[in-house]
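Trainee: Could we go through this structure together? I would like to practise reading it step by step.

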Amino acid sequence: MRAIQTAYYQQAKNPSLPETLQACAREIGLNEAVFIEDLKSPAIESELQQQMQRARSMDGYSYPSLRLVINNTVFPIAIDHWDHRTMLGEIKTIVAVVTQT
């Protein structure tokens with residue numbers, strides 16, 4: 001995850017490209033051939049499609065996004081890249097309101 005974050009945020013590389021992921025795998029010492037084979041596997045593609053469908057079902061169309069699910073109700077949380085306390089405060093407020101009703 002750290003290598004992918006570094007590639008994206010510090011090196012402006014696209015983490016959805018296999019070449020970027022392969023370079024990240026190489027950087028952290030993974031076997032590149034095995035990594036690429038696994039990345040192209042039907043199981044990984046199926047999992048990706050399931051995760052994307054799940055995100056869409058929660059109105060998550062941009063990445064990263066954050067959703068809080070309580071009792072099958074989805075609450076979007078605004079992303080604050082500079083201060084996690086903003087998101088934590090929003091989550092606490094939602095939880096407080098939901099648990100009062």
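Trainee: At what angle do helix 1 and helix 2 pack?

Mentor: Good place to start, and keep in mind that this is a predicted model. Helix 1 covers residues 2–9 and helix 2 covers residues 18–27. Their axes are 9 Å apart, and the packing angle is about 130°.

Trainee: Which word describes how helix 1 and helix 2 lie to each other?

Mentor: Take the angle of about 130° between the two helices. Angles over 145 degrees count as roughly antiparallel and 65 to 115 as roughly perpendicular, with a roughly parallel class under 35. The angle falls in none of these classes, so helix 1 and helix 2 are oblique.

Trainee: Which residues of helix 2 does helix 1 meet, and what is the hand of the crossing?

Mentor: From helix 1, the residues in contact are A3, I4 and A7. By class, this contact has 5 nonpolar, 1 polar and 1 charged residues. On the helix 2 side, the partners are T20, L21, C24 and E27. As for the hand, the crossing of helix 1 and helix 2 is right-handed.

Trainee: Is T20 buried or exposed?

Mentor: T20 sits in helix 2. Leaving out residues up to four places away in sequence, T20 touches A7, K13, N14 and P15. The relative accessible area of T20 is 8%, and under 20% means buried, so T20 is buried.

Trainee: How far apart are the C-alpha atoms of Y8 and T20?

Mentor: Y8 is in helix 1, while T20 is in helix 2. Along the chain, Y8 and T20 are 12 residues apart. In space, their C-alpha atoms are separated by 9.0 Å.

Trainee: Which residues does Y8 contact, leaving aside its neighbours within four places in sequence?

Mentor: First look at how open Y8 is: its relative accessibility is 42%. That value lies between the 20% and 50% cut-offs, so Y8 counts as partly exposed. With the sequence neighbours set aside, the contacts of Y8 are K13 and P15.

Trainee: What is the phi of A12, and where does A12 sit?

Mentor: A12 is not a glycine, yet its phi is positive, at about 55°. With a relative accessibility of 72%, A12 is over the 50% cut-off and therefore counts as exposed. Its place is the loop between helix 1 and helix 2.

Trainee: At what angle do the axes of helix 2 and helix 3 cross?

Mentor: Helix 3 covers residues 32–39, and its axis comes within 9 Å of the axis of helix 2. The crossing is right-handed. Helix 2 and helix 3 are oblique to each other, and the angle is roughly 140°.

Trainee: Which residues of helix 3 meet helix 2?

Mentor: Helix 2 brings P18, L21, Q22, A25 and R26 to this contact. Sorted by class, the contact has 6 nonpolar, 1 polar and 2 charged residues. The partners in helix 3 are E32, F35, I36 and L39.

Trainee: Which residues does L39 contact, leaving aside its neighbours within four places in sequence?

Mentor: L39 lies in helix 3, and at 28% relative accessibility it counts as partly exposed. L39 and P18 are 21 residues apart in sequence, with 8.0 Å between their C-alpha atoms. Setting the sequence neighbours aside, L39 is in contact with P18, L21 and I44.

Trainee: How many ångströms does helix 4 reach from its first C-alpha to its last?

Mentor: Helix 4 has 16 residues. At 1.5 Å a residue, the expected reach is 22 Å. The model comes close to that, with helix 4 reaching 22 Å.

Trainee: Which residue with a positive phi follows helix 4?

Mentor: Look in the loop between helix 4 (42–57) and strand 1 (66–70). The residue there is something other than glycine, with a phi near 60°. Its relative accessible area is 53%, over the 50% cut-off, so it is exposed. The residue is D59.

Trainee: How far apart in space are S57 and V74, C-alpha to C-alpha?

Mentor: S57 lies in helix 4, and at 54% relative accessibility it counts as exposed. S57 and V74 are 17 residues apart in sequence. From C-alpha to C-alpha, the distance between S57 and V74 is 9.5 Å.

Conventions: Residues numbered from 1 in each chain as written. Predicted model: local features only at pLDDT ≥ 70, side-chain atom pairs only at ≥ 80, totals over all residues. Heavy atoms only, no water. Axes fitted to C-alpha atoms, helices over the stretch in contact; angles between N-to-C directions. Helix = DSSP H or I, 4+ residues; strand = E, 2+ residues; numbered from the N terminus. Left-handed = near helix turned anticlockwise from the far one by under 90°. Contact = heavy atoms within 4.5 Å. Nonpolar A, V, L, I, M, F, W, Y, C, P; charged D, E, K, R; others polar. Buried < 20%, exposed > 50% of the residue type's maximum accessible area, 1.4 Å probe, protein only. Expected span 1.5 Å × (residues − 1).
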